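Here are a few short exercises to work through with the coordinates open. Try each task before you read its solution.

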Amino acid sequence: MTDTARKRILIFPAGAENALEIYDALRYRVDIELFGASGKKDFAEYQYDEEHYIEDDFYINHVGFIERFNALLSQYRIDVVIPTHDDIALYLAEHHEEIEAKVLVSEAHTAEVCRHKRLMLELLEDTNCCPHWFKARDEVKEGDFPLYLKPDIAAGGVGARKVSCIAEVDDSMFSEQYVLCEYLPGKELTVDCFTDRKGKLKFVGPRSRDRIQMGIAFRSTAALLTQEVQSIAEIINERLSFLGAWYFQLREDRQGRYKLLEISCRQAGTMTLYRHMGVNFPYLGIMELYGLSGESLILEATCQLERRLRTAFKLGIEYNHVYVDYDDTLIVHGKVCGVIIRFLYQCHDERIPVTLLTRHEGNLQRDMDSYALPGSLFDKIICLNAAENKADYVMPGSIFIDNSFAERKAVGMHCHVPVFDVDAVDMLLRE
């Protein structure tokens with residue numbers, strides 16, 4: 001960025017998977033300060049601290065939304081809003097002149113086409129990437145089955161179903177609420193794209209959807225960019241006006257040709273695959289908003305991601321000192337325990353004193369040096385002999401971390417402080 005002041009970026013809504021991916025993509029940028037806003041309680045409440053997260057009646061269909069939203073933008077001096085839901089992207093695109101901040105979104109017509117499958121099919125039905133779709137009941141013939149019915153507005157396969165025979169066809173399938181298309185039986189691809197402010201398609205990255213749960217690709221593999229996929233991306237980019245990250249989904253027809261399922265003008269959560277390979281989609285988009293052009297260094301390697309549900313905690317305890325064990329706690333299986341060391345550095349950053357409380361046999365300093373553990377990480381190091389009790393050293397207002405149940409039980413009973421085993425320390429970590 002050309003401005004030395006950090007840009008204040010609002011992710012809205014802030015709690016969905018793609019919103020959390022945008023957070024991860026921007027959280028370490030020194031020129032950005034992140035904020036999140038949502039209309040409901042979700043993971044975002046755990047992701048942000050209280051000074052950077054706002055939860056209120058932020059629903060676009062509620063009366064007075066723009067006034068409330070602009071008040072939020074003004075109060076927190078937001079520079080850029082990144083919408084993370086298709087409906088909100090469309091709404092902010094349509095009302096961008098009323099929003100008192102820059103909005104990282106494509107223009108309104110593009111957002112509308114991306115939200116409505118019927119509009120998408122009408123726009124692209126003269127191309128070879130568009131699946132055949134039926135506009136009236138008398139167009140459907142016996143030899144066309146199976147077919148596939150899906151809502152005009154939906155994502156992740158919600159409300160979609162296979163139609164197997166003519167007896168299952170009814171007039172409602174040809175209303176504006178649905179599209180009835182040829183059935184595509186082949187493999188599926190998602191294609192991540194980035195378009196700059198001049199309309200140039202700067203990146204095209206296909207990825208497989210190897211394992212899908214809740215409409216999300218929990219396993220995805222970077223795929224070879226073929227001329228067929230590149231051509232489809234270019235056709236879509238020519239017919240619509242994107243800005244920043246967008247994606248589309250393809251599935252093979254009976255002849256093995258890719259046909260279009262849907263387009264979205266927002267970022268997808270699984271774009272994290274190509275972000276980790278070098279393309280920071282939201283940051284590049286912010287640069288485009290400020291008239292700057294960024295570059296990406298693409299990692300030339302095979303890459304596959306696997307994801308799982310993520311856990312975060314809000315723990316209702318306060319402490320002003322930490323006591324931690326060494327053997328089998330800080331050092332586990334001959335290696336430094338990552339979650340413990342991360343927590344100790346968190347304590348260092350928050351100015352919470354840490355005491356190493358250990359019965360380590362041998363030369364502790366030499367052994368710590370062998371693990372590259374600095375003694376300065378601890379405010380005090382206490383080495384006990386076998387006859388001494390750790391509970392005699394633990395002070396009120398502290399917490400105690402030790403792999404030994406007997407040690408935790410003794411400290412908990414005699415000192416009345418919270419005690420933690422190694423596997424529970426992650427609940428003490430802050431995002």
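**Exercise 1.** Find what the buried residues of helix 5 (residues 108-115) pack against in this predicted model.

*Solution.* Start by listing the residues with under 20% relative accessible area. In helix 5 these are Thr110, Ala111, Val113, Cys114 and Arg115. Next, look for their neighbours: the buried residues pack against helix 4 (86-94), helix 6 (117-124) and strand 15 (258-264). While you are there, check the start of helix 5, where a side-chain oxygen of Glu107 comes to within 3.1 Å of the backbone nitrogen of His109.

**Exercise 2.** Describe how helix 4 and helix 5 pack.

*Solution.* First take the geometry: the axes lie 8 Å apart, at an angle of about 155°. Angles over 145 degrees count as roughly antiparallel, so helix 4 is roughly antiparallel to helix 5. Then add the handedness, which is left-handed for this crossing. Finally, name the residues that meet: Asp86, Asp87, Ala89, Leu90, Ala93 and Glu94 from helix 4, with Ala108, Ala111, Glu112 and Arg115 from helix 5.

**Exercise 3.** Work out the strand order of the five-stranded open sheet, and identify its edges.

*Solution.* Begin with one pair: strand 1 (residues 7-12) and strand 2 (residues 32-38) are parallel and share five bridges. One of the links to follow is Leu10, whose bridge partner in strand 2 is Phe35. Extending the parallel pairing gives the order 3-2-1-4-5. The edges are strand 3 (53-55) and strand 5 (102-103), each of which pairs on one side only. To finish, place a helix: helix 1 (residues 17-26) packs on the sheet, touching strands 1, 2 and 4, and its direction makes about 160° with that of strand 1.

Note on methods:
Residues numbered from 1 in each chain as written. Predicted model: local features only at pLDDT ≥ 70, side-chain atom pairs only at ≥ 80, totals over all residues. Heavy atoms only, no water. Pairing = 2+ DSSP bridges. Helix = DSSP H or I, 4+ residues; strand = E, 2+ residues; numbered from the N terminus. Contact = heavy atoms within 4.5 Å. Axes fitted to C-alpha atoms, helices over the stretch in contact; angles between N-to-C directions. Buried < 20%, exposed > 50% of the residue type's maximum accessible area, 1.4 Å probe, protein only. Polar contact = N/O pair within 3.5 Å; in protein donor to acceptor, adjacent residues only side chain to side chain. Parallel < 35°, antiparallel > 145°, perpendicular 65-115°, else oblique. Left-handed = near helix turned anticlockwise from the far one by under 90°.
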